[in-house]
There are 2 protein chains.
Amino acid sequence: MSATTSPTPTKLQLMELLAAIGTAQWRDFAAAAAHHGLTSTQAKVLAQLNGPLPMRALATLLVCDASNVTGIIDRLEARSLVRREPDPSDRRVKNVVATDEGRDVIRRVREEMQATSGALDTLDADESATLHELLARLRPGMEKSA
Amino acid sequence: MSATTSPTPTKLQLMELLAAIGTAQWRDFAAAAAHHGLTSTQAKVLAQLNGPLPMRALATLLVCDASNVTGIIDRLEARSLVRREPDPSDRRVKNVVATDEGRDVIRRVREEMQATSGALDTLDADESATLHELLARLRPGMEKSA
DNA sequence: TTGTTTACTTGACCACCTCAAGCATCAAGG
DNA sequence: CCTTGATGCTTGAGGTGGTCAAGTAAACAA
């Protein structure tokens, strides 16, 4: 143990700290999205669209009902941030694709998360690596049970 | 640098990892809340009520409009999880207090966050302390600008 | 007293979310 | 072929969460 190590925190303390940071990052994201006239949900969807994605896949990613996605994509499409394209191999599915404008907007939203970005700048390379390592170990266990 | 330290992650990688973990914990929380018939917002409000809290203070904590809180408390009060009490020193303010049942429910919700809890169990005392230390340093910077 | 600020509620309006129902398409078996 | 059953998406109803504008009541200050 290094000289600066704190006493072992309780699990509850860690959970609260994680929650606080998660909330702060989410607010940072929502604020950046709002700055471009997007709700956080719309921005989140846009962030998933690296390639064409069927509506169903989107619903699975968002862990929500498929009918919900219809409305969200409707509103994004009305702003030309996204397009619905017919799937060539299955006429039931519609692939959602981000337009150039959509890609541009979500790129800017990411760049404008200054609170999160600034906070991470206070870590040096070593600390970043350590944090990344610990969080990467936490991730799989947290994503399991739904 | 210890022998197991990974190459320095990019800031983008860290942001995505933080977002993934934040989302996972939020879903865990929402699922536990739903198990008791609560929405995540209702559970979040209940979690803040350690003591009597004026409506206005709640709105500030939640970073939302005061009129929004009215509806949330209405629904919680309809289930007897919360009570509105007149403030003795200022007749304008209504203090929100969790009922015994409300305290009980939120206690159970916290206990049932098994995905998060289980994931944290995989860290030993040293790792927990390190994680806590790093996150605690991140927190103030992330909560600043709104 | 008069005027200003503060706390809360109401009503209108939109986004998000779920469920149930419906339509079109695919895929398998007679 | 054609029926039967899944699957993908949309629609409509209904509730929650969120904002804004306006209104009421109480506190406060000149």
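Begin by selecting N68(A) together with DNA strand C in this predicted model: an N or O atom in the side chain of N68(A) is 3.1 Å from a sugar or linking oxygen of DNA strand C. Move next to S67(A), where a polar side-chain atom lies 2.5 Å from a base nitrogen of the strand, and then to R91(A), whose backbone offers a polar atom 3.1 Å from a phosphate oxygen of DNA strand C.

Now widen the selection to the 22 residues around DNA strand C, of which T39(A), S67(A), R56(B), R84(B) and R92(B) come nearest. On the side of the strand, sugar and phosphate make up 74% of the atoms that come within 4 Å of the protein. If you colour this surface by class, you will find nine charged, seven polar and six nonpolar residues. Helix 4 of chain A gives the largest share of it, four residues, while helix 2 (40–48) of chain A and helices 3 (55–62) and 4 (66–78) of chain B are among the elements that each supply at least two.

Leave the DNA and select the two protein chains, where 55 residues of chain B are in contact with 55 residues of chain A. The area buried between them is about 5,400 Å², with 69% given by carbon and sulfur atoms; in chain B, the residues that lose the most area to chain A are M15(B), I21(B) and M142(B).

Finally, show E127(A) and R137(B), whose side chains meet in a salt bridge at 2.6 Å, N to O, within a count of four salt bridges between the chains. Helix 7 of chain B is the element to highlight last, since the largest share of the side of chain B that touches chain A, 18 residues, comes from this helix.

Notes:
Residues numbered from 1 in each chain as written. Chains lettered and ligands numbered in written order. Predicted model: local features only at pLDDT ≥ 70, side-chain atom pairs only at ≥ 80, totals over all residues. Heavy atoms only, no water. Near = heavy atom within 4 Å. Polar contact = N/O pair within 3.5 Å; in protein donor to acceptor, adjacent residues only side chain to side chain. Nonpolar A, V, L, I, M, F, W, Y, C, P; charged D, E, K, R; others polar. Contact = heavy atoms within 4.5 Å. Buried area = accessible area lost by both parts, 1.4 Å probe.
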